[in-house]
Amino acid sequence: MDRKELEAQVIKLVAISYKKNESDLSVDTSFKEDLGGASVQMVALVAEIENELDACLMLADASACATIKDLVDLVEEEL
């Protein structure tokens, strides 16, 4: 999977977990400012990423991500 495919997949999973439209999200989307950063949604997102992409993420690491790009970087390291 290349970087663009990974970005698209993570954006899709963020959209599902945060109940947003994929078209409203980008790699520059901020979890705190743009999505409200609820920890329950981050837990769901980490579970989705683990199920869909077979990447093992620590919740604390994922929660420390400021933007979707940061999360994609983290996932990429784990793949």
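**Figure 1. Ser23, an exposed spot in the loop between H1 and H2.** In this predicted model, Ser23 has a relative accessible area of 69%, so it counts as exposed. Ser23 sits in the loop between H1 and H2. Pick out Lys12 as a partner for this view: Ser23 and Lys12 are eleven residues apart along the chain, and their C-alpha atoms are separated by 9.4 Å.

**Figure 2. Lys19 and its positive phi.** Lys19 is not a glycine, yet its phi is positive, at about 55 degrees. You'll find Lys19 in the loop between H1 and H2. Is Lys19 buried or exposed? With a relative accessible area of 72%, Lys19 is exposed. Gly36 makes a handy second marker here: Lys19 and Gly36 are 17 residues apart in sequence, and 12 Å apart in space from C-alpha to C-alpha.

**Figure 3. Asp54, another non-glycine residue with a positive phi.** For Asp54, phi is positive at about 55 degrees, even though the residue isn't a glycine. Asp54 belongs to the loop between H2 and helix H3, the latter covering residues 59-63. Its relative accessible area is 70%, which is over the 50% cut-off, so Asp54 is exposed.

**Figure 4. The aromatic pair of Tyr18 and Phe31.** How many aromatic pairs does the structure hold? There is one. It's made by Tyr18 and Phe31, whose ring centres are 5.9 Å apart. Why is the pair called tilted? The ring planes meet at 45 degrees, and that value falls between the 30 degrees limit for stacked and the 60 degrees limit for edge-to-face, so tilted is the label that fits. The pair ties together distant parts of the chain: Tyr18 is in helix H1 (residues 3-18), while Phe31 is in the loop between H1 and helix H2 (39-53), 13 residues apart. As for exposure, Tyr18 is buried at 4% relative accessibility, and Phe31 is buried with a relative accessible area of 4%.

**Figure 5. The largest pocket and its lining.** About 170 Å³ of space lies in the largest pocket. Which residues line it? Both members of the aromatic pair, Tyr18 and Phe31, are in the lining. Ser30, Lys32 and Glu33 are also there, along with Gly37, Ala38, Ser39 and Met42. Ser63, Cys65 and Ala66 complete the list. Sorted by class, the lining has six nonpolar, four polar and two charged residues.

**Figure 6. Ser30, a buried serine in the pocket lining.** Ser30 is one of the residues lining the largest pocket. It lies in the loop between H1 and H2. With a relative accessible area of 10%, Ser30 is under the 20% limit and so counts as buried. Its side chain reaches the backbone nitrogen of Lys32 at 3.3 Å. What does Ser30 touch, once residues up to four places away in sequence are set aside? The answer is Leu35, Ala66 and Thr67. Of these, Ala66 is itself part of the pocket lining.

**Figure 7. Leu35 and its neighbours.** Leu35 is in the loop between H1 and H2, and it counts as buried at 9% relative accessibility. Ignoring neighbours within four places in sequence, Leu35 contacts Val14, Tyr18 and Lys20, plus Leu25, Thr29 and Ser30. So this view picks up Tyr18 from the aromatic pair as well as Ser30 from the previous view. To follow the backbone here, use Ser17: Leu35 and Ser17 are 18 residues apart in sequence and 10 Å apart in space, C-alpha to C-alpha.

**Figure 8. Thr67, touching a run of residues from Val27 to Phe31.** Thr67 lies in the loop between H3 and helix H4 (68-78). Is Thr67 buried or exposed? At a relative accessible area of 19%, it is under the 20% cut-off, so Thr67 counts as buried. Leaving out residues up to four places away in sequence, Thr67 touches Val27, Asp28, Thr29, Ser30 and Phe31. Phe31 in that list is the partner of Tyr18 in the aromatic pair.

**Figure 9. Ala47 in helix H2.** Ala47 lies in helix H2. It is partly exposed, with a relative accessible area of 35%. Leu59 is the residue to compare in this view: Ala47 and Leu59 are twelve residues apart along the chain, with their C-alpha atoms separated by 9.2 Å.

Terms used. Residues numbered from 1 in each chain as written. Predicted model: local features only at pLDDT ≥ 70, side-chain atom pairs only at ≥ 80, totals over all residues. Heavy atoms only, no water. 1 Å grid on protein atoms, 1.4 Å probe; cavity = no way out; pocket = protein on both sides within 12 Å on 5 of 7 lines; lining within 4 Å. Points joined across faces, edges and corners; volume = space filled by probe spheres on them. Nonpolar A, V, L, I, M, F, W, Y, C, P; charged D, E, K, R; others polar. Phe/Tyr/Trp six-rings, centres within 6.5 Å; stacked < 30°, edge-to-face > 60°. Helix = DSSP H or I, 4+ residues; strand = E, 2+ residues; numbered from the N terminus. Buried < 20%, exposed > 50% of the residue type's maximum accessible area, 1.4 Å probe, protein only. Polar contact = N/O pair within 3.5 Å; in protein donor to acceptor, adjacent residues only side chain to side chain. Contact = heavy atoms within 4.5 Å.
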